[in-house]
Amino acid sequence: MPQFSFLNEIETVSKAGISSCYQCCRCTNGCPVAQDMDIVPHRLIRYIIDGEREKALSSGTIWTCLNCATCSVRCPNGIDVARVFETLRVLSVEAHLATAMDTRLFDEIFIENISKHGRLYEMEAVMRYRLHKKEFFGDADMGLAMMRKGRIGLTPHNIRDRKKLGKVMREMAGKVKI
Ligand code: SF4
Ligand code: SF4
């Protein structure tokens, strides 16, 4: 695929004028989770401009992003960086590049859990995550300490209209092909 195509594809889908980025780093400097990203936001924008499709779509950054939109607000060129990352997430799933991602797996479990209970049932979410990873006793010490302090419970605290909320969440997840 020619290099300009990836940039063109992302600009068309996200409606963000990425090519005007002049690498000022304001997006990265304002990002609350930049230190946990494998590719910081301004570098990821650069990869898109350079046509580095696979690097961009398999980056952990797009799953670490909190979608808080601080980067979009701070960009002097009005580039909606958060929207660009959202687009990358959708394309990453479509290209099957997100399947090995821990954050992607956790994302799926989290959404399913909230859809079912209306609020997070930590015990079930963590158990499912650990079963998937086949790391049965990972975080066990921390889990026990949290239970002792009453931070997590053995049973779920379901909300009243959880079925309605679950329907909305599943519809939304379907839209973005999660
Ligand atoms: S803030 Fe905008 S112009 Fe600056 S590096 Fe980020 S995307 Fe590019
Ligand atoms: S939307 Fe994502 S990339 Fe942008 S500042 Fe928030 S966490 Fe960082």
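This tour moves through a predicted model, from the whole chain to its helices, its two ligands and a loop.

**The whole chain**

Begin with the protein chain in cartoon view, where 11 helices and 0 strands are to be found. Oriented along the principal axes, the C-alpha atoms of the chain fill a box of roughly 50 × 35 × 30 Å. If you colour the 178 residues by burial, 23% of them count as buried. Among the contacts with a separation of 6 or more, 64% are accounted for by residues 24 or more positions apart.

Next, colour by domain, selecting residues 3–94 for domain 1 and residues 102–175 for domain 2. The C-alpha centres of these two domains are 28 Å apart.

**Ligand 1**

Select ligand 1 and expand to its surroundings, which comprise 15 residues, with Cys21, Cys24, Cys27, His42 and Cys75 as the closest. The elements that give two or more residues to this shell are α2 (26–30) and α3 (41–49). Coloured by class, the shell around ligand 1 shows 10 nonpolar, 3 polar and 2 charged residues.

**Ligand 2**

Move on to ligand 2, which also has 15 residues around it, and here Cys31, Cys65, Cys68, Cys71 and Ala82 come nearest. Both α6 (70–74) and α7 supply at least two residues of the shell around ligand 2, and α7 gives the most, with 3 residues. By class, the shell around ligand 2 has 12 nonpolar and 3 polar residues, and no charged ones.

**Helix α7 and the core**

Now select α7 itself, residues 81–94, and place a distance between its end C-alpha atoms, which are 20 Å apart; this agrees with the 20 Å that its 14 residues should span at 1.5 Å a residue. Which residues of α7 are buried? They are Val81, Ala82, Val84, Phe85, Thr87, Leu88, Arg89, Leu91 and Ser92. Just after the helix, stop at histidine 96, whose phi is positive, at about 55°.

With α7 still highlighted, show the largest nonpolar core, a set of 27 residues in which Ile48, Val81, Phe85 and Leu88 have the most contacts. The elements giving two or more residues to this core are α1 (3–14), α3, α4 (53–57) and α7, with α7 giving the most, 6 residues. Centre the view on leucine 88 to see what it touches beyond its neighbours up to four places away in sequence, namely Ala56, Leu57 and Ile62.

**The loop at leucine 120**

Turn to leucine 120, which sits in the loop between α8 (102–117) and α9 (122–133). Is leucine 120 buried or partly exposed? Leucine 120 counts as partly exposed because 15 other C-beta atoms lie within 10 Å, whereas a buried residue needs 20 or more. Leaving aside residues up to four places away in sequence, leucine 120 touches Asn113, Ile114 and Ala125. Add proline 156 to the selection, and you will find the C-alpha atoms of leucine 120 and proline 156 separated by 8.1 Å, although their positions lie 36 residues apart along the chain when counted as a separation.

**Helix α10**

Finish with α10, residues 140–148, a helix that is hardly covered, since the count of buried residues among its 9 residues is 0. Glycine 150, which follows α10, has a positive phi near 75°.

Key. Residues numbered from 1 in each chain as written. Chains lettered and ligands numbered in written order. Predicted model: local features only at pLDDT ≥ 70, side-chain atom pairs only at ≥ 80, totals over all residues. Domains from an automatic or database assignment. Near = placed C-beta within 6 Å. Helix = DSSP H or I, 4+ residues; strand = E, 2+ residues; numbered from the N terminus. Nonpolar A, V, L, I, M, F, W, Y, C, P; charged D, E, K, R; others polar. Expected span 1.5 Å × (residues − 1). Buried ≥ 20, exposed ≤ 12 C-beta atoms within 10 Å, placed from the backbone. Core = buried A, V, L, I, M, F, W, Y, C linked by C-beta atoms within 7 Å. Contact = placed C-beta atoms within 7 Å.
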